[in-house]
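This report describes the architecture, interior, charged pairs and surface of a single protein chain. The sequence and the model are displayed first.

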Amino acid sequence: MGRVIVLGSLNVDLEVHVPAMPSIGEKVMGDRLMRFAGGKGGNQAVAAKAAGADVIMVGSVGDDDAGRQYLNRLAALNIGLEVARQPGTPTGHALIITDPKGNNRLVVIPAANLHIDYRPLRPLGKLDASRDILLTQTEIAPDTIADAVRYVTERGLRAIIQLSPYVDLPDDVIAAADPMIIHEANVSLLQSTGAKPKSLLVTRGKYGVTWDGVEYSGEIVAPENVVDTIGAGDAFVGTLAGALAQGKDRDTAVKLALAASAASVRRFGAQPNPRL
């Protein structure tokens with residue numbers, strides 16, 4: 001079985017539903033405050049596991065109840081843990097406001113996610129290029145991402161990077177990405193660097209994705225069936241990595257990932273049964 005090593009963020013999502021998004025200075029009454037497991041790293045690790053891959057989560061949480069509950073959740077899902085506990089630092093959180101149409105606004109507090117070891121993959125020991133894939137995203141320090149990508153590519157592993165949120169990465173790190181996953185709104189920023197990844201996967205929301213210019217479209221979920229769009233992109237990325245780690249070809253992996261993304265918007269939270 002293929003293995004996905006996920007290096008990324010672990011957040012607790014606090015989500016409140018409102019009848020309409022407030023304007024600047026406006027107060028609205030919310031309901032259904034919910035506490036979910038989130039963070040791009042955690043979301044994608046859970047999705048890769050659901051896709052059938054072995055998964056190791058590499059990250060950082062605070063030495064608090066939120067961090068302990070999150071690690072217990074991942075362990076119960078049989079996800080391997082290389083997660084540091086940071087004394088005196090809270091676990092990362094995201095504050096999310098969601099309207100009846102599933103639109104949302106977010107504020108992310110990285111906290112412990114910014115304290116992942118600069119050389120985070122060394123404790124893993126021997127890596128196997130025939131079965132291991134690194135998956136990472138940019139909710140953690142760019143220097144940590146760069147070290148990890150260089151470490152695995154020197155050992156012949158595939159590195160998948162989701163450039164979300166957009167940050168500047170070194171040219172050699174960009175060049176190692178296979179694929180580099182980026183939202184269409186940020187493609188021009190990447191192009192302006194002059195660096196080119198091994199392959200480029202551009203996400204276009206409900207309209208699907210393009211991978212090296214090949215277009216893929218999945219199910220478009222009717223607006224009345226959209227419950228929550230938080231984590232839909234992570235479901236796509238994690239499922240894609242899980243499928244590729246198991247030897248699925250590009251077309252099959254993308255189709256599975258698009259189906260997982262469509263399923264995600266039909267439920268609350270960024271992960272299945274995500275309550276903490």
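The sections below proceed from the overall fold to the interior, then to the salt bridges and selected surface positions.

## Overall fold

The model is predicted. The protein chain contains seven helices and 13 strands. Its radius of gyration is 18 Å, close to the 19 Å that the globule rule gives for 276 residues, so the chain is as compact as a globular protein of that length. Taken along the principal axes, the C-alpha atoms fill a box of roughly 55 × 45 × 35 Å.

Of the 276 residues in the protein chain, 51% are buried. The chain exposes about 12,400 Å², and carbon and sulfur atoms supply 52% of that area. When contacts between residues at least 6 apart in sequence are considered, 67% of them join residues at least 24 apart.

## The nonpolar interior

The largest nonpolar core has 35 residues, and the members that touch the most other members are Val4, Met57, Phe236, Leu240 and Val254. At least two residues of this core are supplied by each of β1, α1 (40–50), β4 (54–62), α2 (65–76), β8, β12 (209–211), α6 and α7. The largest share, seven residues, comes from α6.

Val4 illustrates how separate stretches of the chain meet. Leaving aside neighbours within four places in sequence, Val4 is in contact with residues including Ala48, Val55, Ile56, Ile133, Leu135, Ala241 and Ala245. A second, separate core of 31 residues includes Ala148, Leu169, Val173 and Ala195.

Helix α1, one of the contributors to the largest core, is mostly covered, with nine of its 11 residues buried. The buried positions in α1 are Lys40, Gly41, Gly42, Asn43, Gln44, Ala45, Val46, Ala47 and Ala48. Just after α1, Gly52 takes a positive phi of about 110°.

## Salt bridges

A search of the whole structure finds 12 salt bridges. Three of the pairs are listed here with the N to O distance of each.

| Basic residue | Acidic residue | N to O distance |
|---|---|---|
| Arg3 | Asp132 | 2.8 Å |
| Arg155 | Glu154 | 3.5 Å |
| Arg266 | Glu219 | 2.5 Å |

The salt bridge between Arg3 and Asp132 links distant parts of the chain: Arg3 belongs to strand β1 (residues 3–7) and Asp132 to strand β8 (residues 132–137), and the two are 129 residues apart. Both strands also supply residues to the largest core. Arg3 and Asp132 are each buried.

The salt bridge between Arg266 and Glu219 likewise links distant parts of the chain, with the two positions 47 residues apart in numbering. Arg266 lies in the segment after α7 (250–264), while Glu219 lies in the loop between β13 (214–216) and α6 (232–245). Arg266 counts as partly exposed because its relative accessibility is 36%, and Glu219 is also partly exposed because its relative accessible area is 49%.

Glu154 and Arg155 form a salt bridge in which the two partners fall into separate accessibility classes. Glu154, at 65% relative accessibility, passes the 50% cut-off and therefore counts as exposed. Arg155, at 39%, counts as partly exposed.

Some charged side chains join in a wider arrangement: Asp63, Asp65, Arg68 and Arg85 are linked in a network of salt bridges.

## Strands β6 and β7 and the surface

Leu95, Val107 and Ile109 make a nonpolar surface patch of about 240 Å². Ile109 is found in strand β7 (residues 104–109). With a relative accessible area of 37%, Ile109 is partly exposed.

Is Asp99, in the loop between β6 (92–98) and β7, buried or exposed? Its relative accessible area is 12%, which is under the 20% cut-off, so Asp99 is buried. Not counting residues up to four places away in sequence, Asp99 touches Val18 and Met21.

## Summary

The predicted model has two separate nonpolar cores, of 35 residues and 31 residues. Its salt bridges include the buried pair Arg3 and Asp132 and the partly exposed pair Arg266 and Glu219. On the surface, Leu95, Val107 and Ile109 form a nonpolar patch.

Definitions and conventions. Residues numbered from 1 in each chain as written. Predicted model: local features only at pLDDT ≥ 70, side-chain atom pairs only at ≥ 80, totals over all residues. Heavy atoms only, no water. Salt bridge = Lys/Arg side-chain N within 4 Å of Asp/Glu carboxyl O. Helix = DSSP H or I, 4+ residues; strand = E, 2+ residues; numbered from the N terminus. Buried < 20%, exposed > 50% of the residue type's maximum accessible area, 1.4 Å probe, protein only. Patch = residues over 30% accessible without salt bridge, like charges linked within 9 Å, V, L, I, M, F, W, Y side chains within 5 Å. Areas by Shrake-Rupley, 256 points an atom, 1.4 Å probe, with all protein chains shown as cover. Contact = heavy atoms within 4.5 Å. Core = buried A, V, L, I, M, F, W, Y, C linked by side-chain atoms within 4.5 Å. Rg over C-alpha atoms; globule rule 2.2 N^0.38 Å.
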